[in-house]
Amino acid sequence: AQIVPAILLEALILGGGYGRGEGGVLKTADGDASYNDLEFFVLIKGAPRVNERRYGKAIHDLGHRLTDESGLEVELKITSLNTIRSSETTMFYYDLVCGHRVTLGPPDILECCDHHAQPERIPMHEATRLLMNRCSGLLYAQERLGRTSFTDDDTDFVFRNITKARLALGDALLAASDQFHWSCIERHRRLKLFDPRELATEMPVIIEGHAAGVQFKLHPQRSTADKLELQKLHQAVKRLGWIIWQWTEQ
């Protein structure tokens, strides 16, 4: 509010898992702690690219400062209400409109964007985008698994990315079949009822992996698995990812 003039600042909205009420809770010796990034959307009147030039540096510097203070990655993304309202529906906008917390501005500011709350409007290529993102995570994990030195942070990074991919594989099936839902708990319920004939052999493994992904999303923990265990799991998920990739593309 000190950076952007009040006449231009439309709202500050918390999105992501915490905005939807499904952010991870990490159990520690000192009690519960947050785990995931905090994704805030700064809605400013006018063109986002212009506002990025005007206010971007100060806003992103603020994000870095909040990150240092909180110990969590704090992202402040500049957009506008008009941009959200006029954009085509995507998985991102669907999640944001269906689950968010307005921390500054009118609580009902996104009601004019309720067309994004219709999951059947999510185009099928969003399933491909999801797979691209999470399979990129598998690629980064593979790079770490190939290192000679393998630290506890590497273990946490690899396990986290493998688990996110396991969740995404089931989510992609639902997204490609008009059955996606903003809640990971509801998605898992739907996935257990999902019965594509071509994936009859793989579905039990997909459901098991998705359950592990949901559990990690809501109750994350630092992995204690050794490198060999992670390599075997990584290979299995990678093979399954290729099968699901081909299914969604067909």
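**Figure 1. Ile244 and the residues it touches.** In this predicted model, Ile244 touches Leu131, Leu169, Leu173 and Ile206, leaving out residues up to four places away in sequence. Two of these names come back in the next view: Leu173 and Ile206, like Ile244 itself, are among the residues with the most contacts inside the largest nonpolar core.

**Figure 2. The largest nonpolar core.** Zoom out from Ile244 and you get a core of 32 residues. Its best-connected members are Val158, Leu173, Leu191, Met203, Ile206 and Ile244. Which helices each supply at least two residues of this core? They are α4 (91–98), α5 (125–145), α6, α8 (203–218) and α9 (227–249). Helix α6 gives the largest share, with 10 residues.

**Figure 3. Another core, apart from the one above.** This nonpolar core has 17 residues. Look for Val4, Leu38, Tyr55 and Phe216, which are among them.

**Figure 4. Arg20, a charged residue in helix α1.** Arg20 sits in α1, a helix that covers residues 16–20. Is Arg20 buried or exposed? Its relative accessibility is 16%, and the cut-off for buried is under 20%, so Arg20 counts as buried. Who keeps Arg20 company? Setting aside neighbours within four places in sequence, Arg20 is in contact with Asp95, Gly99, His100, Trp182 and Lys217.

**Figure 5. Asp178 in a loop.** Here we're between two helices: Asp178 is found in the loop that links α6 (152–175) and α7 (184–193). What is phi of Asp178 near? The angle is near 60°, a positive value, and Asp178 is a residue other than glycine.

**Figure 6. Stepping back to the whole protein.** Count up the secondary structure and you find 9 helices and 6 strands. The radius of gyration is 19 Å, close to the 18 Å that the globule rule gives for 250 residues, so the protein is as compact as a globular protein of that length. Its C-alpha atoms fill a box of roughly 55 × 40 × 30 Å along the principal axes. Of the 250 residues, 45% are buried. If you take contacts between residues at least 6 apart in sequence, 74% of them join residues at least 24 apart.

**Figure 7. The outside and the charges.** The protein exposes about 13600 Å², and carbon and sulfur atoms supply 51% of that area. There are 30 positive and 34 negative charges, and their mean positions are 2 Å apart.

Notes
Residues numbered from 1 in each chain as written. Predicted model: local features only at pLDDT ≥ 70, side-chain atom pairs only at ≥ 80, totals over all residues. Heavy atoms only, no water. Helix = DSSP H or I, 4+ residues; strand = E, 2+ residues; numbered from the N terminus. Rg over C-alpha atoms; globule rule 2.2 N^0.38 Å. Buried < 20%, exposed > 50% of the residue type's maximum accessible area, 1.4 Å probe, protein only. Contact = heavy atoms within 4.5 Å. Areas by Shrake-Rupley, 256 points an atom, 1.4 Å probe, with all protein chains shown as cover. Lys, Arg positive; Asp, Glu negative; His and termini not counted. Charge placed at Lys NZ, Arg CZ, Asp CG, Glu CD. Core = buried A, V, L, I, M, F, W, Y, C linked by side-chain atoms within 4.5 Å.
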